[in-house]
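Me: Please take a close look at a single part of this structure and describe its surroundings in plain terms.

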Amino acid sequence: MARRFTVIFKDDITMLVYDVIYFETKQIEEIKAIAAEYDKDALRKAEKYGIPISYLTDNQRNIVLEEKEKMLRSHSAEELKNKNIIQIGSHSLERILERIGSIEENVIIDLITRLKMTDAITQAQFKGFPSLSYSLIESGSPEKYTFAISFVISKRKVRFIKMITVHLNSDKLEKVHFRASEVNLDYYRKLANLKDK
């Protein structure tokens, strides 16, 4: 088992993969095989959500959830945003802009609050970045959102969580996109009231 290993992409670019989990030999081989099939940039562009890894062990799932909890538990959603402990990927921000036309503070705070409540991992994906992305949900929640996150260490050795995207849960994740109005219930109610008038 290893926490770090090197992959070589089809275009001969070498990259160090490192994450919060220890990878089993079979997982390392699988990720190396994915990298060998793609140019680094092509993998990042072609596979919108990454290539799913065939499995995570229960121990690996627990480590991911414990790491998320350790990073988030002692902070409010506002602090997590303001201190950049959670950073939202440009794809998610674009989706928010498309849906409501602005980035209201409460929409972002609501997303962070929902992420804090997640307690299960549905899968891990490799998208050609040094760390995997993990799809997290809140089990038993009637509002079925999936958060794709990764654990990132900046060049200054500061660790943060990158929220890559948010989806409504469905059988076909890639066809269903996040709607900010469904995340921000106050906004949704105001929008519904305006439509009724």
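Reply: What follows is an account of Phe 126 and its surroundings. The model is predicted, so local features need pLDDT of at least 70 and side-chain atom pairs count only at pLDDT 80 or more, while totals for chains, interfaces and linings use all residues. Residues are numbered from 1 along each chain as its sequence is written, and side-chain values use heavy atoms, with hydrogens and water left out.

Phe 126 has 0% relative accessibility and counts as buried (under 20% relative accessible area, with a 1.4 Å probe and protein chains only). The largest nonpolar core holds 44 residues, and Phe 126 is listed with Leu 132, Tyr 134 and Met 163 as having the most contacts inside it. Such a core is a set of buried Ala, Val, Leu, Ile, Met, Phe, Trp, Tyr and Cys residues joined through side-chain atoms within 4.5 Å.

Leaving aside residues up to four places away in sequence, Phe 126 touches, among others, Met 15, Ile 31, Leu 43, Ile 53 and Leu 132 (contact means heavy atoms within 4.5 Å).

Phe 9 is also one of these contacts. There are 3 aromatic pairs, meaning rings of Phe, Tyr and Trp (its six-membered ring) with centres within 6.5 Å; planes under 30 degrees apart count as stacked, over 60 as edge-to-face and the rest as tilted. Phe 9 and Phe 126 form a stacked pair, 6.4 Å centre to centre with 15° between the planes. Phe 9 lies in the loop between β1 (2–8) and β2 (14–23) and Phe 126 in strand β5 (residues 120–126), so the pair ties together parts 117 residues apart in sequence. Strands here are DSSP runs (E, at least two residues), numbered from the N terminus. Phe 9, at 1% relative accessibility, counts as buried.

How values were computed: Helices (H or I, at least four residues) and strands (E, at least two) are DSSP runs, numbered from the N terminus. Buried means under 20% relative accessible area, exposed over 50%, partly exposed in between (1.4 Å probe, protein chains only).
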